[in-house]
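Work through the exercises below with the sequence and the 3D view open. Try each task before reading its solution.

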Amino acid sequence: QLTPSSFLRIGQLSNVDLNEDIHELETELPRQHPNEIPHNEKLLSLKYESLDYDNSENQLFLEEERRINHTAFRTVEIKRWVICGMIGILTGLVACFIDIVVENLAGLKYRVVKDNIDKFTAKGGLSFSLLLWATLNASVVMVGSVIVAFIEPVAAGSGIPQIKCYLNGVKIPHVVRLKTLVIKVCGVILSVVGGLAVGKEGPMIHSGAVIAAGISQGRSTSLKRDFKIFEYFRRDTEKRDFVSAGAAAGVSAAFGAPVGGVLFSLEEGASFWNQFLTWRIFFASMISTFTLNSVLSVYHGNAWDLSSPGLINFGRFDSEKMGYTIQEIPIFIFMGVVGGILGALFNALNYWLTMFRIRYIHRPCLQVVEAMLVAAVTATVGFVMIYCSRDCQPIQGSSVAYPLQLFCADGEYNSMATAFFNTPEKSVVNLFHDPPGSYNPMTLGMFTLMYFFLACWTYGLTVSAGVFIPSLLIGAAWGRLFGISLSYLTKGSIWADPGKYALMGAAAQLGGIVRMTLSLTVIMMEATGNVTYGFPIMLVLMTAKIVGDYFVEGLYDMHIQLQSVPFLHWEAPVTSHSLTAREVMSTPVTCLRRIERVGTVVDILSDTSSNHNGFPVVESNPDTTQVAGLRGLILRSQLIVLLKHKVFVERANLSLVQRRLKLKDFRDAYPRFPPIQSIHVSQDERECMIDLSEFMNPSPYTVPQEASLPRVFKLFRALGLRHLVVVDNRNEVVGMVTRKDLARYRLGKEGLEELSLAQT
């Protein structure tokens, strides 16, 4: 459906044809597609930068580290622990805030609608109730969508793909800002109260990460305040480690699963890992669960009882009543297969939907309209399903929060309403724990079908919302259906308890959609509070992942790929041994001499066509017979700080006399270094010389140009590098490997594919 010319046909990044291509585009596009953005998932975007995870060990850094004695190192270590504790406490408090507000607002909404329905059931005219419900939903969601679409678009979705990218080492703009946190929290409250098929668990992970980034820097750029604390941690290395702790604290607040949180951080995120970090992250997770417990217990009025671990609590599963036997293992594996197939279907549908959204629904007003439409449709579907359902259950002995009577006899309630007329978390718990016979198979079947499409349509809207709970709910519904049909087949034998199958179905569906194995097993075990199910849950999740991966990749990886992020997986593509560093690297490299003219530096930095961020420094001998060997590497951000503080001398042989820069000057400019355009350099200053030797990193990592791609990839990925210099046997710079050069190669259906790079 797209003309070939509207794709950016860019091979190796040669500046000439690139600019021609873009000019062609500008002339052609407005005539053909006025309201369509061409989008090709086989592109890598150049707007994403890497994080400098690797410390620049220049002379300033080494001098400062040598000055720090043992006690100072101990205080730094104590500060790290304090920060992790604060991350845990604050994440727990944010989770409490979301939970309490959602509970009260949703309760208010359901009470209003329920009274209205009860009133109109008696005297006819139920269409008013439908209008009321749909309008309430749409208006609440409208507010939630407007703040996301117009104020902070990064807060849309669950935020897990963005945090995954950040921990992978990609700098996604605005992802850990205070503004994002505020919009995220308000947005998720509004979208859950607005009755969309979403959960509040995914955004908790993003919120935890933002809190971690904010606390560890000791200042806020959104508030323009600097609290002058924790200045030692103002660099990407430390910030990224704290963000992984924040993500773990978010998981443990959401599910009451501290160990699951640590494993989530390990599995999904952090590229670089050590034992100290694990222990600190576990501490943060534990503190966050504990905070959530204490506050919610006080709120519910039993102050000394710490029994509500997470935002979603699956309730206790009794081992006696719910044990499993050996003949059920094949049944569980079969459920895993079903979950994998359904998950792959969900992801494929969502993929096409997202492609459509990127191409056509890219204006904020359209996005808000779409969100309102989904909210109204969700309410309508729920209402029609409840209206048409004739499944009545006796009201005594059941724990329904808002029993709707509708056309049932007195003392009975409509059981379809327990699924639709409730927040998704409560519905999941009901499906797990309601006694056998609470649900009609027809009800469950219809519910699964409708909710599947609703959840699929909702994920990727411009509202903050997670996909965890909807997938658990879909899985629990078809799992319970499966259990009911099993007990029909076995004439009601004791082991076919529908609740147990609801749990397995939930695990299978969630595993089939997000494809996490290790952390998900532990999260499910901790949330049910029962180790007995560890083995079957693991089997189900593994089967679901294997089956699903055969068809299409996981939901989060798919969204990362659709945003054209240069994401590096754990290993290089399997068939890439034939490629060497010489074929992968980008050339030619812009090098700087060790003592360089200021004018040259300014010109190189202002050159928009080559927007590089790291420059190899070579020996600056005027004698050309010598080899210009590699001496070090200097970053764009460092050069900008040098120019801003005007660290240069008039002639090459003058020694530097003015005040020396400290490492603090570089930290104060982090993370938003000013652009080169904002720095004014006069004509006289352009003729001065600048000496880079004490600011450059004198020992950058290098590889010889014969190294194979997997070897280069391993070095790059394990050390979290941003630039890797390629040298020949005389130590001359021949090329540079950056993240984009490695992420371009991906395993496709036909083997190794190379993605092209686009400027957008």
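## Salt bridges and a surface patch

At 18% relative accessibility, Asp52 counts as buried (under 20% relative accessible area; exposed is over 50%, partly exposed in between; 1.4 Å probe, protein chains only). This is a predicted model: local features need pLDDT of at least 70, side-chain atom pairs count only at pLDDT 80 or more, and totals for chains, interfaces and linings use all residues. Residues are numbered from 1 along each chain as its sequence is written, and side-chain values use heavy atoms, with hydrogens and water left out.

**Exercise 1.** Find the salt-bridge partner of Asp52 and place both residues.

*Solution.*
- Step 1: Apply the criterion: a side-chain nitrogen of Lys or Arg within 4 Å of a carboxyl oxygen of Asp or Glu.
- Step 2: Arg722 meets Asp52 at 2.9 Å, N to O.
- Step 3: Arg722 sits in the loop between α26 (709-719) and β14 (724-727), and Asp52 in the loop between β2 (49-50) and α2 (59-67), so the pair ties together parts 670 residues apart in sequence. Helices (H or I, at least four residues) and strands (E, at least two) are DSSP runs, numbered from the N terminus.
- Step 4: Check the cover. Arg722 is buried, at 11% relative accessible area.

**Exercise 2.** Describe the pairing of Lys545 with Asp549.

*Solution.*
- Step 1: Their side chains form a salt bridge of 3.1 Å, N to O.
- Step 2: Both residues belong to helix α19 (residues 534-551), four residues apart, about one turn of the helix.
- Step 3: Lys545 is partly exposed at 27% relative accessibility. Asp549 is partly exposed at 39%.

**Exercise 3.** Which residue forms a salt bridge with Glu685, and where does each partner lie?

*Solution.*
- Step 1: The partner is Lys646, with the closest N and O atoms 3.7 Å apart.
- Step 2: Glu685 is in helix α25 (residues 683-686) and Lys646 in the loop between α23 (636-644) and α24 (663-669), so the bridge ties together parts 39 residues apart in sequence.
- Step 3: Glu685 is buried at 18%, whereas Lys646 is partly exposed at 31%.

**Exercise 4.** How many salt bridges does the structure hold, and which residues are linked in a network?

*Solution.*
- Step 1: The structure holds 26 salt bridges.
- Step 2: Glu77, Arg80, Arg235, Glu238 and Arg280 are linked in a network.

**Exercise 5.** Locate Met142 and say whether it is buried, partly exposed or exposed.

*Solution.*
- Step 1: Met142 lies in helix α4 (residues 127-150).
- Step 2: Its relative accessibility is 35%, so Met142 counts as partly exposed.
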